[in-house]
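Q: Please take a close look at a single helix and describe how that part is placed among its neighbours.

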Amino acid sequence: MQKKKLTGKESFTFQGQNAPESVHDFWAWALSRLLMDGPRGDLAEYIVRLALGEDTATPKRGWGECDIVCRDGRKIEVKSSSYLQEWERDKPSWPVFSIAKTTSCDIAEVNGCYRYIGRDGQPPKRHSDAYIFCLFACAERDAAEPLDLGQWHFYLMRTADINARFGDQRSVSIPALEKANAVSCGFGELRKELDKLLPPKGDEL
């Protein structure tokens with residue numbers, strides 16, 4: 001199967017005939033609940049790509065040691081959390097983000113598809129240059145709108161600083177990020193703050 005970005009207009013087919021239902025109908029059915037863990041994580045990565053001006057023309061990768069490889073080669077890991085969950089709670093959740101180290105995979109790309117070869121035998125580590133922690137910050141369910149970019153807040157840390165500060169720790173809370181002096185910003189400042197924290201490659205001099 002070729003890695004191409006669908007438009008949403010593609011129809012299901014049966015016995016060579018187009019069915020009335022389209023990929024858009026499937027997306028609306030499967031992904032409308034944007035606060036669910038899976039869709040929220042994909043949405044957070046998409047929002048970060050928008051903020052950074054990175055590629056959204058090709059589909060999200062299913063494999064990779066980090067979520068975003070910028071055009072200049074910087075590697076970004078994107079994590080998401082929220083005060084609200086899909087299920088009802090008596091009070092807002094305590095947001096935490098994963099910072100667990102992972103093992104590397106050997107992946108080959110064959111005819112537009114990925115082929116898993118195996119683990120490379122190296123010890124687990126964090127593979128990115130920086131982490132962007134995406135918090136859906138609205139705690140009022142009646143006002144929550146995940147498509148409102150103003151309801152998202154972001155914390156940024158270089159991976160080297162995460163390693164030094166948190167070691168083998170597997171998760172981190174917002175107070176811990178703030179105590180570690182993580183950069184805090186809104187959507188409109190995200191690109192500028194990342195460039196300050198982790199200058200685009202070629203701009204270090």
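**Helix 2 and the sheet beneath**

A: The buried residues of helix 2 (buried meaning under 20% relative accessible area with a 1.4 Å probe, protein chains only) pack against helix 1 (23–31), strand 3 (68–69), strand 4 (75–82), strand 8 (130–136), strand 9 (152–158) and helix 5 (190–197), contact being heavy atoms within 4.5 Å. This is a predicted model, in which local features need pLDDT of at least 70 and side-chain atom pairs count only at pLDDT 80 or more, while totals for chains, interfaces and linings use all residues. Residues are numbered from 1 along each chain as its sequence is written, and side-chain values use heavy atoms, with hydrogens and water left out.

Helix 2 covers residues 37–52 and reaches 23 Å from its first C-alpha to its last, close to the expected 22 Å, which is 1.5 Å times one less than its number of residues. Its buried residues include Leu43, Ala44, Ile47, Val48, Ala51 and Leu52, as well as Arg40, Glu45 and Arg49. After the helix comes Gly53, with a positive phi near 70 degrees.

The open sheet has five strands in the order 3-4-8-9-11, with mixed pairing, where two strands pair if DSSP finds at least two bridges between them. Strand 3 and strand 11 (183–185) stand at the edges, each with a single partner strand, so one side of each lacks a neighbour in the sheet. Helix 2 packs on this sheet, touching strand 3, strand 4, strand 8 and strand 9, and its direction makes about 130 degrees with that of strand 4, angles running from 0 to 180 degrees between N-to-C directions.

Technical notes
Helix = DSSP H or I, 4+ residues; strand = E, 2+ residues; numbered from the N terminus. Buried < 20%, exposed > 50% of the residue type's maximum accessible area, 1.4 Å probe, protein only.
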